[in-house]
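Welcome, and take a moment to look at the structure below. We will walk through it together, one part after another.

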Amino acid sequence: MCWMIYLASDSPLPTSAWDEARRGFHATELSDHDQPVRRQFSKPFVYLMGSYQGCGCGFQYGESEEYHDDPEALAAAVVSRRDLAGYMTEALRHQSELEMYVC
């Protein structure tokens, strides 16, 4: 099963669609299927964060044996995590806190 990482904000955040040709970090609006996750948050703007793998699994590099044998996957995971941190840092320039839910 995939990790799903949701981020909630007091104000709208930029989104970027998943692009199979340019796999990397992306932040998308919630699909109809994901709408129930809003119950986990007090903030009105909720987004799904994705890594180079399309889901949240690629943010957890170093914990999976796949990275021991695949330096390209490890490098992609490092970039995804860096991009997620940068996205959150930028969002925090405009508000004092964000909420995150991982499942």
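How many bridges join β1 to β3? Before the answer, please keep in mind that this is a predicted model. The two strands run antiparallel, and five bridges join them. To find one place along this pairing, look for Tyr6, which stands opposite Leu48 in β3.

Strand β1, residues 5–9, also pairs with strand β4, residues 99–102. This pairing is again in the antiparallel sense, over four bridges. Tyr6 is a handy landmark here too, as Tyr6 stands opposite Tyr101 in β4. On the β3 side of the picture, β2 and β3 are paired in the antiparallel sense over four bridges, and Ala27 has Met49 in β3 as its bridge partner.

Now put these pairings together. The four strands form an open sheet in the order β2-β3-β1-β4, with antiparallel pairing. Which strands stand at the edges? They are β2 and β4: each has a single partner strand, so one side of each is left without a neighbour in the sheet. On average, neighbouring strands of this sheet are turned by 30° against each other, direction ignored.

Let us go back to β1 and ask how well covered this strand is. Five of its five residues are buried. The covering applies to both faces: on one side the buried residues are Ile5, Leu7 and Ser9, and on the other side they are Tyr6 and Ala8.

Some of these residues return when we turn to the nonpolar cores. The largest one has 12 residues in all, including Ile5 and Leu7, along with Phe25, Ala27, Tyr47 and Met49. At least two residues of this core come from each of β1, β3 and α1 (71–91). Which element gives the largest share of this core? That is α1, with three residues. Another core, of seven residues, lies apart from it; among its members are Ala8, Phe41, Val46 and Leu48.

Phe25 is a good member of the largest core to pause at. Leaving aside residues up to four places away in sequence, Phe25 touches several others, among them Met49, Phe59, Leu84 and Tyr87. Its contacts also include Ser16, Gly50, Ser80 and Asp83.

Next, visit a loop. Val37 lies in the one between β2 (26–29) and β3 (45–50). Is Val37 buried or exposed? Val37 is buried, with a relative accessible area of 10%, which falls under the 20% cut-off for that word. Not counting residues up to four places away in sequence, Val37 touches Tyr6, Leu30, Val46 and Tyr101. From Val37 to Tyr47 there are 10 residues in sequence and 9.9 Å in space, C-alpha to C-alpha.

Our last stop is the cysteines. How many disulfides does the count give? The count comes to zero, taking a disulfide as a pair of cysteine sulfur atoms within 2.5 Å. Cys2 is in no disulfide, and the nearest cysteine sulfur, that of Cys55, is 3.5 Å away. Why does Cys57 have no bond to Cys55? The closest cysteine sulfur to that of Cys57 is the one in Cys55, and at 3.5 Å it is too far for a bond. As for their surroundings, Cys2 is partly exposed, with a relative accessible area of 45%, whereas Cys57 is buried, at 14%.

Conventions. Residues are numbered from 1 along each chain as its sequence is written. This is a predicted model: local features need pLDDT of at least 70, side-chain atom pairs count only at pLDDT 80 or more; totals for chains, interfaces and linings use all residues. Side-chain values use heavy atoms; hydrogens and water are left out. Buried means under 20% relative accessible area, exposed over 50%, partly exposed in between (1.4 Å probe, protein chains only). Contact means heavy atoms within 4.5 Å. Two strands pair if DSSP finds at least two bridges between them. Axes are lines fitted to C-alpha atoms, for helices over the stretch in contact, and angles run from 0 to 180 degrees between N-to-C directions. A nonpolar core is a set of buried Ala, Val, Leu, Ile, Met, Phe, Trp, Tyr and Cys residues joined through side-chain atoms within 4.5 Å.
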